[in-house]
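Here are my notes on the aromatic side chains and one neighbouring residue. Please read them with the structure open.

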Amino acid sequence: MEKKKVIQVQHVSKMYKLYDKPSDRLREALGLSRKKRYREHYALNDVDFHIEEGECVGIIGVNGSGKSTILKIITGVLSPTAGEVKVDGRISALLELGAGFNMEYSGLENVYLNGTMIGFSKEEIDARLQDILAFADIGDYIYQPVKMYSSGMFVRLAFAVAINIDPEILIVDEALSVGDVFFQAKCYHKFEEFKAQGKTILFVSHDLSSISKYCDRVILLHKGKMLDEGTPKAMVDMYKQLLVHQDPVKQGEGAVQSQGTEENWREGFQVNPDTLEYGEKQAEIVDFVVLDEKGRQSNTIEKGTTFQIKMRVRFHEDIQEPILAYTFKNIQGTEITGTNTMYEKASVEHPQAGRECVVTFEQPMDLQGGEYLLSFGCTGYRNGEFTVFHRLYDACNITVVSAKNTVGFYDMNSKVTITE
C-alpha cells in the first residue's frame with residue numbers, strides 16, 4: 001500500500017531581486033524606470049520532492065544552498081516565486097531562534113501565543129501546559145520576558161512548545177545545536193518517540209552523525225538546486241565533496257570521490273588552512289590523506305568500517321630511526337587516540353637524505369559518531385637526542401558517521417546474549 005504524501009514540494013523556485021543601490025529599488029517601486037535595475041538571485045530553483053507519512057527526512061547542504069528557505073516556504077513563512085507546496089497534516093516548526101515569539105511577552109504568554117497561532121484553543125493549551133513547562137525546565141524564568149532569555153533557555157521553551165502540541169509533522173532547523181548536551185539528548189529521545197508513533201520529521205542540521213542516525217532519507221541542496229536524494233551515507237559523501245568545491249559524480253547509490261594525484265593526495269580532500277606546524281624539518285611531512293573503506297579520499301568515515309591514514313615523508317638529512325605518528329582529538333582539543341610506527345613495531349631504519357617513504361595505517365573505525373581533528377607527527381633521534389622533525393596539528397577534520405553510538409569515545413563492539 002502506497003504511503004500518504006504529507007509534504008509535496010512541486011517545482012518550487014524562490015527568486016530575490018538584488019539592487020546595486022537603494023534608489024534603484026525606489027525608482028522601480030514608483031514605476032519611474034522601464035529599465036530592469038536588479039539582478040535575479042534564485043535562493044531555490046525548481047526544487048521538487050515529496051515526504052511520506054512517518055518518514056524522518058534530513059536536508060543538508062553548504063551555507064547558502066537554500067535549506068532554511070525551503071523550510072520557510074513549507075511552513076508558510078515565505079511564498080514561492082514559482083511552484084507549489086502541498087501539506088497534509090498539522091505542522092509544528094522550530095525554525096531560527098525567535099521565530100514566532102514576541103520578545104516583550106513572558107515565556108508563558110508566548111506559549112499561549114504560539115498555541116493560538118497553530119490553531120489551539122486556550123483550553124487545549126491549558127491541557128498541555130504542564131508537559132510544556134516540564135520539558136522546557138526553565139523554572140521561574142517562564143514568567144519573565146523572553147528578551148531576557150539566554151539562547152539555551154529560548155530554544156528549550158521553543159522546542160517544548162513545538163513538541164508538545166501534538167503535531168503530525170515536526171520541522172526543525174538547526175535550533176537544537178544551541179541547547180546543552182542533556183537537553184539535546186532529551187530532544188532526540190522525543191524524535192525517536194515521534195518516529196515510533198508514525199509521525200513525520202523534517203530535519204535540517206550540520207550534525208552529520210544525527211542526520212545519519214535519525215534520518216531514513218536525505219535531500220542534498222546546492223546553490224538553490226536539489227542535487228540528489230538518497231541514503232544518509234551516500235548524501236553525506238556528496239556533501240563532503242561540495243565542501244572542498246568538487247562536483248560529486250553519481251555512481252550507483254553513492255558518489256565517487258575524486259582521487260588526488262600521486263604528487264598531491266590532498267586534491268579533493270578537505271584540509272585545515274590554519275594547520276599549526278612546527279619542527280626543524282630535517283624530515284618533513286609533505287602529504288597526507290584519509291581513505292574510506294572503498295579507497296576513496298574522504299573526510300567522512302562510517303563507523304564500523306576499515307579505513308586508512310597515509311602520510312608521505314621526505315628526508316632532508318640522514319635520520320636514525322624516524323617515528324611517524326597520527327593522533328585523533330575531539331573538537332575540544334582532548335586527545336582521544338593515536339599510534340605511531342614505534343608502537344606498531346614498524347620501524348623505518350636509517351633513511352638517507354633525499355629519500356621519501358610512505359606509511360599507511362589501516363584500522364577499523366570504532367570511534368563514536370561525531371567530529372574529530374587529525375594530527376600528524378614525525379619525530380626521532382638526531383645525534384642521540386630526541387627531536388621533533390615536523391608536526392602538523394589539526395591538519396584535517398574527520399567526521400565519523402554512525403547509526404549507533406554507545407557511551408564514551410569508543411564502541412566496545414559488545415556481542416550481547418540474553419538467556420532465560
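1. F307 is buried, at a relative accessible area of 2%. The cut-off for buried is under 20%, so F307 qualifies. Keep in mind that this is a predicted model.

2. What aromatic pairing is there? The structure holds ten aromatic pairs. In one of them, F307 and F328 meet edge-to-face. Their centres are 6.5 Å apart, with 70° between the planes. An angle over 60 degrees counts as edge-to-face, so the label fits.

3. This pair links distant parts of the chain. F307 belongs to strand β15 (residues 306-315). F328 belongs to strand β16 (residues 323-330). The two are 21 residues apart. F328 is buried too, with a relative accessible area of 3%.

4. Which residues make up the aromatic cluster around this pair? F307, Y326, F328, F361 and Y372 form one cluster.

5. Next, I336. Its place is in strand β17 (residues 335-340). I336 is buried, at a relative accessible area of 15%. Leaving aside neighbours within four places in sequence, I336 is in contact with F328, K329, N330, L367, Y372, F409 and Y410. Among these, F328 and Y372 are also members of the aromatic cluster.

6. Where does I336 lie relative to L242? The two are 94 residues apart along the chain. Their C-alpha atoms are separated by 28 Å.

7. Two charged ends sit over rings. For K199, the ring is that of F194, and the charged end is 4.9 Å from its centre. For R312, the ring is that of W265, and the distance to its centre is 4.2 Å.

Conventions: Residues numbered from 1 in each chain as written. Predicted model: local features only at pLDDT ≥ 70, side-chain atom pairs only at ≥ 80, totals over all residues. Heavy atoms only, no water. Phe/Tyr/Trp six-rings, centres within 6.5 Å; stacked < 30°, edge-to-face > 60°. Helix = DSSP H or I, 4+ residues; strand = E, 2+ residues; numbered from the N terminus. Buried < 20%, exposed > 50% of the residue type's maximum accessible area, 1.4 Å probe, protein only. Lys NZ or Arg CZ within 6 Å of the ring centre and 35° of its normal. Contact = heavy atoms within 4.5 Å.
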